[in-house]
Amino acid sequence: MAVLKWLSICLTLFCQGTAASKPCRWTQFRLGRLNDVSIALLSDMGGLFPLMCAEENVELTFPEDLYKNTEGEDVYVVALEAMRYVEQLYNNSLTSVTWNKTKLNMFQNVIYRQVQNLELCVVGGVWESSGDGWSVTLKTYFNKLNTVLKEKEHSACAWEIVRKEIRENLVQFKKFIDSRVKP
């Protein structure tokens, strides 16, 4: 009888451990695809960077090694933090933009969906930065984008700078998830 109890306990623990170690299915199949859609929408909604904004352009150089420095981190946590920053940014005043409004709304929806689904993958959906270098770098980068918007009073050119930067961020993010999430 004691052996049966032990066996039952071991089997239960094994099943729980296996279930907990399974990757979030949504990220395996949808995160990369939605990121591709986001990049395409950012490109399509405004076209090429406007010449009239060339003088106002600010070089914010996206830290390309940012996602490479997340080796020990859970892909879902990194993805959630990055997408939440993008979502917050695009919840600012967008009245001055001249972009295709339908594509802008689609972009905002895609980002929102990613955040919602990633929250389900991260236990409790709590957004607590780990304080690691990558997290601080990501926060600093998005603070710089917010500063550009504020300094330029959310002008159309300020949003073009942000759009260009976010696109580069999502391209780097794509490389990150392609290297970490295997279908």
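Colleague: Happy to look at this predicted model with you! Is K174 buried or partly exposed?

Modeller: Good place to start. Buried would need a relative accessible area under 20%. K174 has a value of 22%, so K174 is partly exposed.

Colleague: Which residue does K174 meet in a salt bridge?

Modeller: The partner sits in helix α2 (residues 25–46), whereas K174 is in helix α6, 138 residues apart. The N to O distance in this salt bridge is 3.2 Å, and the partner is D36.

Colleague: How many residues apart in sequence are the parts that K152 and E56 tie together?

Modeller: K152 and E56 form a salt bridge, with their closest N and O atoms 3.8 Å apart. K152 lies in the loop between α5 (133–151) and α6, and E56 in the loop between α2 and α3, so the parts they tie together are separated in sequence by 96 residues.

Colleague: And R84, is that residue buried or exposed?

Modeller: R84 lies in helix α3 and pairs with E119 in helix α4, in a salt bridge of 2.3 Å, N to O. The relative accessible area of R84 is 9%. Since the cut-off is under 20%, R84 is buried.

Colleague: Turning to rings, why is the F173 and F176 pair called tilted?

Modeller: Both residues belong to helix α6, about one helical turn apart because 3 residues separate them. Both are buried, too. Their ring centres are 6.0 Å apart. Tilted covers plane angles that are neither under 30 degrees nor over 60, so the pair is tilted, with its planes at 35°.

Key. Residues are numbered from 1 along each chain as its sequence is written. This is a predicted model: local features need pLDDT of at least 70, side-chain atom pairs count only at pLDDT 80 or more; totals for chains, interfaces and linings use all residues. Side-chain values use heavy atoms; hydrogens and water are left out. Rings of Phe, Tyr and Trp (its six-membered ring) pair if their centres lie within 6.5 Å; planes under 30 degrees apart count as stacked, over 60 as edge-to-face and the rest as tilted. Helices (H or I, at least four residues) and strands (E, at least two) are DSSP runs, numbered from the N terminus. Buried means under 20% relative accessible area, exposed over 50%, partly exposed in between (1.4 Å probe, protein chains only). A salt bridge is a side-chain nitrogen of Lys or Arg within 4 Å of a carboxyl oxygen of Asp or Glu.
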